[in-house]
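Trainee: Could we go through this structure together? I would like to practise reasoning from helix packing to cores and backbone geometry.

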Amino acid sequence: AFANLFCVAYNALLDVPVRVGDVVAVSGLGVIGSFAAHLARLTAGRLVLVDPLAERRERAGWIAAAAAVHPDDAVEAVKELSDGRGADVYIEASGATAALQTALDSVGQEGTVTVISYYGKRPATLRLSPEFHLRRQRIVSSMVGMIGSGLQPRWDARRRMAVAMERLMGIDVERVLVTHQFPFDRAVEAYALIDTRPHESLAVLLKYGT
């Protein structure tokens with residue numbers, strides 16, 4: 001149930017690796033954002049988690065980040081934990097257009113914003129001055145349908161999936177991510193829960209058969 005979602009998060013780290021000691025922020029603590037944060041934590045020096053829902057920030061305690069904050073407090077938290085330099089890498093996994101602006105405001109000189117969320121047809125209006133221009137920032141799109149440039153001679157979807165499955169074995173997903181399970185014939189109820197009560201739900205599983 002989680003393999004493809006883990007691949008989405010893992011692909012972002014293949015596109016923009018986190019170096020040992022980097023200051024990293026991740027916005028959006030859904031399943032994919034939580035996986036991305038977990039992977040970033042393996043090498044990041046300081047990790048800041050960002051989500052508007054207090055319940056999701058609390059649930060993300062298993063990732064052991066330096067801070068978990070509301071979006072309104074993200075820029076200041078990153079500034080404090082980076083000694084004023086700004087984030088080296090900011091992973092945007094929320095799909096909220098305002099989060100992309102927060103990412104630009106948080107990233108330091110020649111830092112990178114990695115976008116793994118999908119905005120659909122919603123316009124994302126950004127203020128590019130002064131941070132984006134003066135700090136020479138990069139915005140990188142990470143799309144799981146393609147292995148990033150320069151990796152293809154050694155990496156393909158099969159290898160990526162093998163790593164994802166191996167890493168997932170070390171995560172107790174039922175304890176840290178799964179909030180609800182529904183039989184398939186109650187799928188409408190499950191989707192309504194996700195749509196109307198996001199503060200109560202994270203990973204919601206549909207169970208097939210008896």
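Mentor: Gladly; what follows is a set of questions and answers on helix packing, nonpolar cores and backbone geometry in this predicted model.

Trainee: Let's start with helix pairs. Are α1 and α7 roughly parallel or roughly perpendicular to each other?

Mentor: Helix α1 covers residues 3-15 and helix α7 covers residues 157-168, and their axes lie 9 Å apart at an angle of about 110°. Angles of 65 to 115 degrees count as roughly perpendicular. The pair is therefore roughly perpendicular.

Trainee: Which class of residue, nonpolar, polar or charged, has 10 members in the contact of α1 with α7?

Mentor: On the α1 side the contact includes Phe-6, Tyr-10 and Leu-14, and on the α7 side it includes Met-161, Val-163 and Leu-168. Asn-4 and Asn-11 of α1 also take part, as do Arg-160 and Arg-167 of α7. The contact divides into two polar residues, two charged ones and 10 that are nonpolar.

Trainee: α1 also packs on α2. How are α1 and α2 oriented to each other?

Mentor: The axes of α1 and α2 (residues 31-41) come within 8 Å and cross at roughly 45°. Angles under 35 degrees count as roughly parallel, and those from 65 to 115 as roughly perpendicular. With neither range reached, α1 and α2 are therefore oblique.

Trainee: And how many nonpolar residues does the contact of α1 with α2 have?

Mentor: α1 passes α2 in a right-handed crossing. The α1 side is made by Leu-5, Phe-6, Val-8, Ala-9, Tyr-10 and Leu-13, and the α2 side by Val-31, Ile-32, Phe-35, Ala-36, Leu-39 and Ala-40. There are no polar and no charged residues in this contact, and the nonpolar count is 12.

Trainee: Let's take one residue of that contact. Is Ile-32 buried or partly exposed?

Mentor: Ile-32 sits in helix α2. Leaving out residues up to four places away in sequence, Ile-32 touches Leu-5, Val-8, Ala-9 and Ile-116. Buried means under 20% relative accessible area. At 25%, Ile-32 is therefore partly exposed.

Trainee: How far apart are the C-alpha atoms of Ile-32 and Ala-9?

Mentor: Ala-9 is among the residues that Ile-32 touches. The two residues are 23 places apart along the chain, and their C-alpha atoms are separated by 5.6 Å.

Trainee: What about α4 and α5: are they roughly parallel or roughly antiparallel?

Mentor: Helix α4 (residues 74-81) and helix α5 (residues 97-106) have axes that come within 9 Å and cross at roughly 25°. The crossing is right-handed. Since angles under 35 degrees count as roughly parallel, α4 and α5 are therefore roughly parallel.

Trainee: Which residues of α5 meet α4?

Mentor: The contact of α4 with α5 has three nonpolar, two polar and one charged residue. From α4 come Ala-74, Val-75 and Val-78, and they meet α5 at Thr-102, Asp-105 and Ser-106.

Trainee: Now the interior. Which element gives the largest share of the largest nonpolar core?

Mentor: This core has 43 residues, and Phe-2, Val-24, Phe-35 and Leu-177 have the most contacts inside it. Among the elements that each supply at least two of its residues are α1, β1, α2 and α7. The largest share, eight residues, comes from α1.

Trainee: Which residues does Phe-35 contact, beyond its neighbours within four places in sequence?

Mentor: Phe-35 is one of the residues with the most contacts inside the largest core. Its partners include Phe-2, Leu-5, Phe-6 and Ala-9. The others are Leu-168, Ile-171, Val-173 and Leu-177.

Trainee: On to the backbone. Where does the cis proline, Pro-130, lie?

Mentor: Most peptide bonds are trans. The bond from Ser-129 to Pro-130 is cis, with omega near 10°. Pro-130 lies in the loop between β5 and α6.

Trainee: Asp-83 has a positive phi. Is Asp-83 buried or exposed?

Mentor: Phi of Asp-83 is near 55°, and the residue is placed in the loop between α4 and β4. Exposed means over 50% relative accessible area. With 66%, Asp-83 therefore counts as exposed.

Trainee: Last one: in which strand is Glu-110 placed?

Mentor: Glu-110 is not a glycine, yet its phi is positive, at about 55°. At 48% relative accessibility, Glu-110 counts as partly exposed. The strand that holds Glu-110 is β5.

Note on methods: Residues numbered from 1 in each chain as written. Predicted model: local features only at pLDDT ≥ 70, side-chain atom pairs only at ≥ 80, totals over all residues. Heavy atoms only, no water. Axes fitted to C-alpha atoms, helices over the stretch in contact; angles between N-to-C directions. Helix = DSSP H or I, 4+ residues; strand = E, 2+ residues; numbered from the N terminus. Parallel < 35°, antiparallel > 145°, perpendicular 65-115°, else oblique. Left-handed = near helix turned anticlockwise from the far one by under 90°. Contact = heavy atoms within 4.5 Å. Nonpolar A, V, L, I, M, F, W, Y, C, P; charged D, E, K, R; others polar. Buried < 20%, exposed > 50% of the residue type's maximum accessible area, 1.4 Å probe, protein only. Core = buried A, V, L, I, M, F, W, Y, C linked by side-chain atoms within 4.5 Å.
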